Amino acid sequence: MEIWVNPACSKCRSAVRLLDEAGADYTVRRYLEDPPDTDELRAVLDRLGLEPWDITRTQEPQAKELGIGAWPKEPAERERWIGALAAHPRLIQRPIITADDGSAAVARDEATVRDTITRGH
């Protein structure tokens, strides 16, 4: 299991605490320091069953500078969104946990983290 975190994020810290309390075997990826490339983003999106705009933090200052909130949310624009997330990892929703069973979740609440722990074992 791997968790993508921003250490400054309280939801990330909470998710890590829950993983520790459960004794989960996981690795931490500080995705701002070690950003995912476009292939990794595509793979995680497939595991999540989501589109890139579903995991984009459109209220971030960088998103507003890029005007990303006005970008079309349609298949023809998917690669544009993925490229923006790879180039600006701060725009990626967090934390994201990839479980050993091949699933993944945007684990912003305790129930989702616990569910991911259960699937990850």
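Author: Let's start with a definition: helices (H or I, at least four residues) and strands (E, at least two) are DSSP runs, numbered from the N terminus. With those names, serine 103 can be placed in the loop between β3 and β4. Please keep in mind that this is a predicted model.

Reader: Thanks, that helps. Is serine 103 buried or exposed?

Author: The general idea is a cut-off: a residue under 20% relative accessible area is called buried. Serine 103 has 15% relative accessibility, so it counts as buried.

Reader: And which residues does serine 103 touch?

Author: Once residues up to four places away in sequence are set aside, serine 103 touches Arg47, Ile97, Thr98 and Arg119.

Reader: Let's move to the sheet. In what order do the four strands lie?

Author: In general, strands of a sheet pair through backbone hydrogen bonds, either parallel or antiparallel. Here, the order is β2-β1-β3-β4, in an open sheet with mixed pairing. β2 (27-30) and β4 (104-106) are the edge strands; each has a single partner strand, so one side of each has no neighbour in the sheet. From one strand to the next, the twist averages 20°.

Reader: In what sense do β1 and β2 pair?

Author: They are parallel, and four bridges join β2 to β1, which covers residues 2-5. If you want a place to look in the structure, try glutamate 2: its bridge partner in β2 is threonine 27.

Reader: Which strands does helix α1 lie across?

Author: Helix α1 (residues 10-21) lies across β1 and β3 (96-98), and its direction makes an angle of about 155° with β1.

Reader: Now a helix by itself. Which residues of α2 are buried?

Author: A handy way to read a helix is to find its buried residues and then look at how they are placed around the axis. In α2 (residues 38-48), the buried residues include Leu41, Val44, Leu45 and Leu48. Viewed down the helix axis, the buried residues of α2 fall within an arc of 100°, so they line one face.

Reader: Which exposed residues does the face turned away from the buried side of α2 carry?

Author: That face carries Asp39 and Asp46, both exposed. As for the buried side, its cover includes β1, α4 (78-87), β3 and β4.

Reader: What caps the N-terminal end of α2?

Author: Aspartate 37 does: one of its side-chain oxygens lies 3.1 Å from the backbone nitrogen of aspartate 39. After α2 comes glycine 49, with a positive phi near 70°.

Reader: On to aromatic rings. How many aromatic pairs are there?

Author: When you read a ring pair, look at the distance between the centres and the angle between the planes; planes over 60 degrees apart count as edge-to-face. The count here is two pairs. For tryptophan 53 and tryptophan 81, the ring centres are 5.7 Å apart and the planes stand at 70°, so this pair is edge-to-face. Tryptophan 53 sits in the loop between α2 and α3 (61-66) while tryptophan 81 sits in helix α4, so the pair ties together parts 28 residues apart in sequence.

Reader: What about the pair of tryptophan 71 and tryptophan 81?

Author: That pair is edge-to-face too, with 5.6 Å from centre to centre and 85° between the planes. Tryptophan 71 is in the loop between α3 and α4, and tryptophan 81 is in helix α4, so parts ten residues apart in sequence are tied together. Ring pairs thus link Trp53, Trp71 and Trp81 into a cluster. Tryptophan 53 and tryptophan 81 are buried, and tryptophan 71 is buried as well.

Reader: Let's finish with a polar side chain. What does the side chain of glutamine 93 make a polar contact with?

Author: Its partner is the side chain of arginine 108, at 3.0 Å. Glutamine 93 is in the loop between α4 and β3 and is buried, with a relative accessible area of 16%. Beyond its neighbours within four places in sequence, glutamine 93 contacts Ile55, Arg57, Val106 and Arg108.

Reader: And where does histidine 88 lie?

Author: Histidine 88 also lies in the loop between α4 and β3. With a relative accessible area of 23%, histidine 88 is partly exposed. Its contacts, leaving aside neighbours within four places in sequence, are Gln62 and Leu66.

Note on methods
Residues are numbered from 1 along each chain as its sequence is written. This is a predicted model: local features need pLDDT of at least 70, side-chain atom pairs count only at pLDDT 80 or more; totals for chains, interfaces and linings use all residues. Side-chain values use heavy atoms; hydrogens and water are left out. Two strands pair if DSSP finds at least two bridges between them. Axes are lines fitted to C-alpha atoms, for helices over the stretch in contact, and angles run from 0 to 180 degrees between N-to-C directions. Contact means heavy atoms within 4.5 Å. Buried means under 20% relative accessible area, exposed over 50%, partly exposed in between (1.4 Å probe, protein chains only). The arc is that of the directions from the helix axis to the C-beta atoms. A polar contact is a pair of N or O atoms within 3.5 Å; within protein, one must be able to donate a hydrogen and the other to accept it, and residues adjacent in sequence count only if both atoms are side-chain atoms. Rings of Phe, Tyr and Trp (its six-membered ring) pair if their centres lie within 6.5 Å; planes under 30 degrees apart count as stacked, over 60 as edge-to-face and the rest as tilted.
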